[in-house]
Amino acid sequence: MITVQEAQELIAASVRTLPLERVALEALEGRVLGEDVTAGFALPRFDNAAMDGFAVRWDAIANAKQDAPVTLDVIGEVAAGGSAARVVGDGEALQIMTGAPMPAGADTVVIFEQTSGFGSSTVDVFKAPKKFANVRYAGEEVAEGDMLVRRGSRVTVAEIGVLAAFGMSSVEVFRRPRVGILTVGDELRMPGEPLEGASIYNSNLYSLEVGARSAGAEVVFSRQVSDNPVLIADALQKALPLCDILLTAGGISTGEYDFMQEKLTGLGVRQRFWKIAQKPGKPFFFGDDPDGRLVFGLPGNPLSALVCFLEYVMPALASMQDVPYLGKIEARLASPFPVDRKRYRFLFGRVWQKDGGLSCSPSLRTESHMITSLVGANCLIEAPAGDVPLAEGNVVICNLLPWSSLNA
């Protein structure tokens, strides 16, 4: 049996970064950039109006007042996307729309509301703004060659908007990790099927699928089989070649019907470790095959399986995409934490902002079989082994759930 830290180090050393592929802009959401993206041109590309109004020479309207307006000749108009061919001279104004290029000779835009309005050959200016007001200057936001988005950034609405604004129809991203999921157990039934006898519903298949996708992975294999060594071996043989990571849930212990380890090693999977000194999730298998595929044999208990997924699989999925795993934060306990004497302890709970810091509290349902402790949780609280429960005020580590947030 190894420690939590030893397990984390062994897994981290086994992960290989995935290759890059070019993906179109419309399919980039959730992907991780494999290249630094720099600006191919300045933004704005040209001086332009920030408001609808009139482009003028500030000196010509500097003394404009409500009771003593300055009258200018309107020499034309320019809309966004148009061309400002006329030069604005002293005593002249050019009607201009937001985003339209500034004409030569003008240095200021007087907003529409401070004038007599559009539609005439002359315009009265009732108030002079500051010199250079309402003008966006070329390169004031981004200079050509400036960094836009760095390698390792996960693409969201913000990044897509920036990439589109600079005309990038595709970029290099890391290939999505391919994940296979196999759950085993004679007692398991799929949601929607009737329960009989001591059967229970399979929640692992669904929660692990959603968890993998939340980490940017593609689920390429998903199956439930009974505790039959032939069926287990067949499913593993089909799943393993498709995956970068194979997740199994159940059948990993040493019971009479636990065949998973035997069948994995029979397919050439090398066992790196089996048990971890933690609660819950002690019976946890990790191995790899000669092609570098990683195999995580999770416990069948749904809460234990999810703890192992969050603590070990999520960081591996992040590392495959060259992304640092940033889910862990520190917070002060708002209620006692029931540690274990010999094992590292994990409990789902909540973390929230309070008085400029972070506070947390474990779920009231602390037993490892109580799956309803997940409802309302936004973190996994962890603590080393100890003889005395951690008291209110102690600082602990919280692993933020990827599908939740501090504001949930």
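Leu-267 is found in the loop between α6 (260-266) and β17, and it is a convenient place to enter this structure, which is a predicted model. At 31% relative accessibility, Leu-267 counts as partly exposed, because that class covers the range between under 20%, which is buried, and over 50%, which is exposed. Once its neighbours within four places in sequence are set aside, Leu-267 is in contact with Leu-236, Gln-237 and Leu-240. A view along the chain is given by Gly-211, which is 56 residues from Leu-267 in sequence, with 26 Å between the two C-alpha atoms.

The strand that follows this loop, β17, belongs to a sheet. Strands of a sheet pair through backbone hydrogen bonds, either parallel or antiparallel. Here six strands form an open sheet with mixed pairing, and reading across them gives the order β15-β12-β16-β20-β19-β17. At the edges stand β15 (218-225) and β17 (270-275), each of which pairs on one side only. From one strand to the next, the twist averages 15°. Within this sheet, strand β19 (residues 283-288) pairs with strand β20 (residues 294-298) in the antiparallel sense, over four bridges, and Gly-287 stands opposite Val-295 in β20.

Two helices can now be placed against these strands. Helix α1 lies across β17, β19 and β20, and runs at about 155° to β17. Helix α7 lies across β12 (178-184), β16 (245-249), β19 and β20, and its direction makes an angle of about 165° with β20. Strands β19 and β20 are therefore crossed by both α1 and α7, given that each helix is in contact with the strands it lies across.

How do α1 and α7 pack against each other, and at what angle? Two packed helices are described by the angle between their axes and the distance between the axes. For helix α1 (residues 4-14) and helix α7 (residues 302-320), the angle is about 25° and the axes are 10 Å apart. That angle makes α1 roughly parallel to α7, and the crossing of the two is right-handed. On the α1 side the contact involves Val-4, Ala-7, Gln-8 and Ile-11, which meet Glu-311, Tyr-312 and Ala-316 in α7. Sorted by class, the residues of this contact are five nonpolar, one polar and one charged.

Helix α7 also has helix α4 (residues 204-214) as a partner, and here the axes come within 11 Å and cross at roughly 20°. That makes α4 roughly parallel to α7, and α4 passes α7 in a right-handed crossing. Asn-204, Leu-208, Gly-211, Ala-212 and Ser-214 of α4 make this contact together with Pro-302, Ala-305, Phe-309, Met-314 and Leu-317 of α7. Seven of the residues in the contact of α4 with α7 are nonpolar and three are polar, while no charged residues take part. Gly-211, met earlier as the residue 26 Å from Leu-267 between C-alpha atoms, is thus one of the α4 residues in this contact.

A second sheet is found elsewhere in the chain. Five strands form this open sheet, again with mixed pairing, in the order β7-β4-β6-β5-β8. Its edge strands are β7 and β8 (122-125), each of which pairs on one side only. On average, and with direction ignored, neighbouring strands of this sheet are turned by 40° against each other.

Is the edge strand β7 buried on its faces, or exposed? In a regular strand the side chains alternate between the two faces of the sheet. Strand β7 (residues 108-111) is covered on both faces, since Thr-108 and Val-110 on one side and Val-109 and Ile-111 on the other are all buried, that is, each is under 20% relative accessible area. Strand β4 (residues 53-56) pairs with β7 in the antiparallel sense over four bridges; Ala-55 stands opposite Val-109 in β7, and the bridge partner of Val-56 is Thr-108.

Ile-61, in helix α2 (residues 58-61), offers a last point of orientation. Ile-61 is buried, with a relative accessible area of 0%. Not counting residues up to four places away in sequence, it touches Val-56, Val-70, Leu-72, Val-110, Val-125, Ala-128 and Pro-129. Between the C-alpha atoms of Ile-61 and Arg-178, which are 117 residues apart along the chain, the separation is 65 Å.

Note on methods. Residues numbered from 1 in each chain as written. Predicted model: local features only at pLDDT ≥ 70, side-chain atom pairs only at ≥ 80, totals over all residues. Heavy atoms only, no water. Axes fitted to C-alpha atoms, helices over the stretch in contact; angles between N-to-C directions. Parallel < 35°, antiparallel > 145°, perpendicular 65-115°, else oblique. Left-handed = near helix turned anticlockwise from the far one by under 90°. Contact = heavy atoms within 4.5 Å. Nonpolar A, V, L, I, M, F, W, Y, C, P; charged D, E, K, R; others polar. Pairing = 2+ DSSP bridges. Buried < 20%, exposed > 50% of the residue type's maximum accessible area, 1.4 Å probe, protein only.
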